[in-house]
Amino acid sequence: MPSLLERDAHIDRLDHLLAECLGRAGRVALVDGPLGSGKSELLRVFAARAAERGVLVVGAGCSAQERDLPFGIADRIARSPGWPAGHAERLAALAAPAVLADPAESAGGTALNGTALNGTGAAGDPVGPPSPALLRACRDLTTALLAASADTPVLLCVEDIGHADDASLHFLRHLVRHLPQSRVLLVLTDGSTPWPARRRLHAELLRHPHAHRLALAPLSRAGALRLVTEGLGEEDARHRGPGLVDVAGGNPLLLHALVEEHLDRADEPEPRYGPALLSCLHRAGPGVLRVVQAQAVLGEEAPAEDVARLLGERESADAVARIRATLTAAGLLDGEGRLRTAAARAAVLEDLAPHERTELRLRAAQLAHETGSPAAEVARHLVEAGRAPAPWAVAALTEAAEHALLDHRHRTAVACLRLAHKEAAEENDRAVLRHRLAQAEWQLNPSAAARHLVPLTAAVRAGHLGLAEALVLVRYLLWHGRGEEALAVLDLLRARTGPASPAETGALRDVETWLAYTHPGLARGRRVPALPADLRHAVAPDVDPQLRAAAALAGALTRGRAAEAVDHAQQVLRDAHLHGRTAWAEEAALLALRVLLQAGRADTAAVWSQRLLDTAARREVPTATALYSAAHAEAALRLGEPTTAAEHSRAALTHLSPTAWGIAVGLPLGTLIIAESRTGEHRSAAKHLTHAVGEAMFQSLYGLHYLFARGEHYLATRHGHAALADFLSCGELLRTWGLDGAGVVPWRTQAADAWLRLDNRDRAWRLIHEQLSRADADLPHNRGPALRLLAAAGPAGRRGPLLTEAVDLTEASGDRYEQVRVLTDLSRAHQGAGNKRRARLLLRQALHVANMCALKPLAQELLSVSADLGESGPAADEAREPGGVGALTESERRVASLAVLGYTNREIAGRLYVTASTVEQHLTRVYRKLGVRRRKDLPADLWANLRKTG
């Protein structure tokens, strides 16, 4: 590493002054520059050059710790080794502090006791005139020093004169006045003396014609990069150099420290800026470091007045501003007077002792409160302190938490509420704060909120919480499978709520309605009295209105009237962003998505769930993100997209661990099991079935979804009896709960499928007819699978019409999984009827969709059927494409996609509203572009454009 960079002009000037000194023209040079600008290094290099020329080098460094030692610097100069033998003893004797003793004039005040930031009593600003004893000592020592230099030229180096004791400063002033015609070059360095003391000191030293000032500036960017390169080597500096230079601000001392830190910890990706900065700040003295620490506590934009107030009476706003300016000039602060990195701020604060940091934070909070700062600013200091002893502190923390929740900064809210709860004195206040804390923690991790359930339940019993808080507690208890405790709370609320409080009774009925759909195993026979018609819509002022929305949607689902509630569901979803912080908002949104699914609007549910998911992810709310990921996964599964469903189910189980999901884990787990079963990942699906789920889950719809998914897995792995048992158990649960008409899961259809695989057509036929006689049987997503199974269970002659209708229904529902199954069965039906051409077309469509959706088991089944039909496979078809499908125009693609499905020219013309001749011309061009001769050779992936044709 080079000794000096960008200091050649300064060395040249010092060499010139030394040359004059050797010619008996003594000189004084004051080397001034910001902290860490390289003054000591410059002095070291020049001293070595002077020694090589036969000059006696005498050095002394000033220290803040020795400022109260009278004549300390003078004594150190006089006792320096190297003085000629005839002069050493005399110099030592004259510099002894005892020579200053003058009892007759001891009251004159000859020494300075420290340096304050505001300049009072600072170095260079004596509190009184020098005593006669001090004047005699300065004169005698100067005479002796100049006499010693008569034979040997002397370079006298004194560093950091801002820390010199007052008596030594008097000696240096006296020496400067007598330097001409001597062989002494006095070089002083300064940079630590605060203004205005520095200005006075420098003015006095430099007013002589033989005095010169050398100002050092921070390194240029090119110089800083060169320093880093020579320290780290070119290869390392190429990658790390710019980053080091950016944070160092051209300060050589800081750059050296950063390079050394990097060499010691080369495996760390980022430079350790904090320790290097602290090393520089400690050299600047405690007053400077205190100002930087106070600024780090208050924030980078804090005015100097606030920093001074935080530090107390010791500092003034002017002193703080001067220190900032000094550090900015040194490059330790940026151009705005701020620390350059967050790591620097953290390091500065970590350098405080814990009790000092706490005390500083509490004083900062008090200052912010007194100046009317926002509650968030006050709370920030209190949270960092970990204490809130002031009487106003709990209110400030609570207000800050509410603002943080509005801004979706849940972690900040949790920190504020934890401290507020710890410091609150009244039991009622503590209960309410604990409830708010549980709500905030719930959004981050329901497992963290679980620790509050017991004390919150006790608070409800003691009457410290209101109805709204108690109802939210019921939801949390149910989530964690603590159904009996939830029911006990509801019983207590029922007992307290009477006819005189219709709004509270209405809120309880809303919870009962929600409970009857989501946790029906706990809801039977537990009802509050009915309200008169004119009071049914009364709303309790403190109860979340989203509870009313959730109850209305749950009621529609319970009665099997999802189709009638679609508009209401979409309104709830449109307004979801307005209710992001309310406890029942997610429940209402999830029930709205359930309404869309039950009404056969899976595509709409997928759009809405993705929007909700994006919003929750952007706001960084893990619980909501997990819930909407699970909801989107279920919508994707309904659309026959198992890979998407599996991806979002896994994401849901990542955002929240299975334990944090509570009994609701049955929702993402069930979707994941079905999705992986459909994509052929049976081993992974079986592994998920080993996850421990409590019995409490099976008293809720989450358990029903899990049970249904397990049946699907058993069916996919050819365990027909086990699958049948699970599907029939689903039916038994729904009948017991009174939800068989709600259409929660199509257990009859799946049980019929299991009976068919067990070769029991009669029982399958009865279940299918039961399914087709239900109120919601006409919905495409219900009727399509039922007709497919009815065709399989009935005579061969009826299969064609039933499956043809099923194709249209599955296309309308958008369920690609069911489309593949229906197309496969229809292909087999045509094959059995001897129509191999039509069978091949349908088979190719099915195989294309199966491959597109990664339905591996179905694709394998289709390949075996393809061999029976003599198909060469899609790969062989596409190999004959010289230009590929991409060469077709949009109209040609539409015509070709319908031709792949087996439509005649006349049928295609009717669907596209063109003439049959136009269709024939389009097909001729398609054949030519794709290099095929007939329809059966068209590539199967043309069918993907069918939905665009209408």
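Visitor: Which residues does Trp661 touch, not counting those up to four places away in sequence?

Guide: This is a predicted model, where local features need pLDDT of at least 70 and side-chain atom pairs pLDDT 80 or more, while totals for chains, interfaces and linings use all residues. Residues are numbered from 1 along each chain as its sequence is written, and side-chain values use heavy atoms, without hydrogens and water. With contact meaning heavy atoms within 4.5 Å, Trp661 touches Trp479, Ala626, Leu627, Ala630, Ala652, Leu653, Leu656 and Pro668.

Visitor: Which helix gives the largest share of the largest nonpolar core?

Guide: That core (buried Ala, Val, Leu, Ile, Met, Phe, Trp, Tyr and Cys joined through side-chain atoms within 4.5 Å) has 153 residues, and Leu471 and Trp661 touch the most other members. Its largest share, 11 residues, comes from a helix (a DSSP run of H or I, at least four residues) spanning 467–479, namely α23.

Visitor: Is Leu219 buried or exposed?

Guide: Leu219 touches residues including Leu5, Arg7, Leu227 and Leu255. Buried means under 20% relative accessible area and exposed over 50%, with a 1.4 Å probe and protein chains only. At a relative accessible area of 8%, Leu219 therefore counts as buried.

Visitor: Which element gives the largest share of the lining of the largest cavity?

Guide: A cavity is a set of points on a 1 Å grid where a 1.4 Å probe fits but can't get out, and lining residues have an atom within 4 Å of a point. Here 17 residues line the largest one, with Leu590, Leu591, Arg594, Leu667 and Tyr702 nearest its centre. The largest share, six residues, comes from α29.

Definitions and conventions
Helices (H or I, at least four residues) and strands (E, at least two) are DSSP runs, numbered from the N terminus. On a 1 Å grid over the protein atoms alone, a cavity is a set of points where a 1.4 Å probe fits but cannot get out, and a pocket is an open set with protein on both sides within 12 Å along at least five of seven lines; lining residues have an atom within 4 Å of a point.
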